[in-house]
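The exercises below are meant to be worked with the sequence and the coordinates open side by side. Try each task before reading its solution.

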Amino acid sequence: MEQAIITISENGSVNIPNGNIWMSEMELVELFGVIAPTLRAAIKAIYKSGTLCPTITQRCDLVTSKSWAIFYNLEVVIALAFRLNTYVASRIRQKVLESLCLRKEKGNNLIIWFEEKYVSN
């Protein structure tokens with residue numbers, strides 16, 4: 001599996017590489033500086049809310065000859081950055097928002113589609 005991961009330097013500079021970003025739970029724990037149960041709860045809440053679909057945003061791959069790990073894509077990492085309250089999460093949020101602003105300045109359009117869900121009583 002070819003994958004790229006998001007990193008942050010000691011001075012707080014976030015590197016989001018171009019490419020196929022998939023990160024394991026352990027990599028996300030290290031990146032965000034949280035414990036595994038906190039990360040799992042945040043991912044569970046994201047999926048439960050219907051914001052993201054696990055069948056599209058996660059996959060299970062063989063890490064060693066005897067162990068498997070779940071990997072999450074860039075959408076999950078960004079959703080976690082907006083859900084978690086850590087220094088790294090704030091730096092990733094800032095980087096993502098800056099990237100969106102740079103795209104706007106270059107003339108690219110960003111369209112966000114909101115679907116309203118009605119619940120009848």
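**Exercise 1: a glycine in a loop**

G12 lies in the loop that joins β1 (7-8) to β2 (14-15). In this predicted model, decide whether G12 is buried or exposed, and find which residues G12 is in contact with once its neighbours within four places in sequence are left aside.

*Solution.* Begin with accessibility: the relative accessibility of G12 is 0%, and G12 therefore counts as buried, since the cut-off for that class is under 20%. Next, set aside the neighbours within four places in sequence, and the contacts of G12 that remain are Y87 and R91. Finally, check the second of these partners along the chain: G12 and R91 are 79 residues apart, yet their C-alpha atoms are separated by 7.0 Å.

**Exercise 2: the overall layout**

Establish how many helices and strands the protein has, and in what pattern they follow one another along the sequence.

*Solution.* The count comes to 5 helices and 5 strands. Reading along the sequence then gives the pattern β-β-β-α-α-α-β-β-α-α. Two totals complete this outline: buried residues account for 30% of the 121 residues, and, of the contacts with a separation of 6 or more, 53% are between residues 24 or more positions apart.

**Exercise 3: salt bridges**

Search the whole structure for salt bridges, and for each pair say how far apart the closest N and O atoms are and whether the partners are buried or partly exposed.

*Solution.* The search returns 2 salt bridges.

1. E25 pairs with R40, with the closest N and O atoms 2.8 Å apart. This pair links distant parts of the chain, as E25 belongs to helix α1 (residues 25-32) and R40 to helix α2 (residues 36-48), 15 residues apart. E25 has a relative accessible area of 23% and is partly exposed, and R40, at 45%, is also partly exposed.
2. R59 pairs with D61, and here the closest N and O atoms are 2.9 Å apart. R59 is partly exposed, its relative accessible area being 25%, whereas D61, with 18%, is buried. The assignment of D61 follows because buried means under 20% relative accessible area.

**Exercise 4: how α1 meets α4**

Describe the crossing of α1 with helix α4 (residues 74-83), and identify which residues make the contact.

*Solution.* Start with the geometry: the two axes come within 12 Å and cross at roughly 35°, and the crossing is right-handed. Then list the residues, which are L28, L31 and F32 on α1 and V77, L80 and A81 on α4. Sorted by character, the residues of this contact are 6 nonpolar, with no polar and no charged ones.

**Exercise 5: the largest nonpolar core**

Find how many residues the largest nonpolar core has and which of them have the most contacts inside it, then trace which elements give two or more residues to this core.

*Solution.* The largest nonpolar core has 27 residues, and F32, L80 and I92 are those with the most contacts inside it. Two or more residues come from each of α1, α2, α4 and α5 (87-105), and α2 gives the most, with 6 residues. For a closer view, take F32: beyond residues up to four places away in sequence, F32 touches V77, L80, A81, L84, T86, V88, A89 and I92. As general background, nonpolar side chains in soluble globular proteins tend to be buried together.

Definitions and conventions
Residues numbered from 1 in each chain as written. Predicted model: local features only at pLDDT ≥ 70, side-chain atom pairs only at ≥ 80, totals over all residues. Heavy atoms only, no water. Salt bridge = Lys/Arg side-chain N within 4 Å of Asp/Glu carboxyl O. Helix = DSSP H or I, 4+ residues; strand = E, 2+ residues; numbered from the N terminus. Buried < 20%, exposed > 50% of the residue type's maximum accessible area, 1.4 Å probe, protein only. Axes fitted to C-alpha atoms, helices over the stretch in contact; angles between N-to-C directions. Left-handed = near helix turned anticlockwise from the far one by under 90°. Contact = heavy atoms within 4.5 Å. Nonpolar A, V, L, I, M, F, W, Y, C, P; charged D, E, K, R; others polar. Core = buried A, V, L, I, M, F, W, Y, C linked by side-chain atoms within 4.5 Å.
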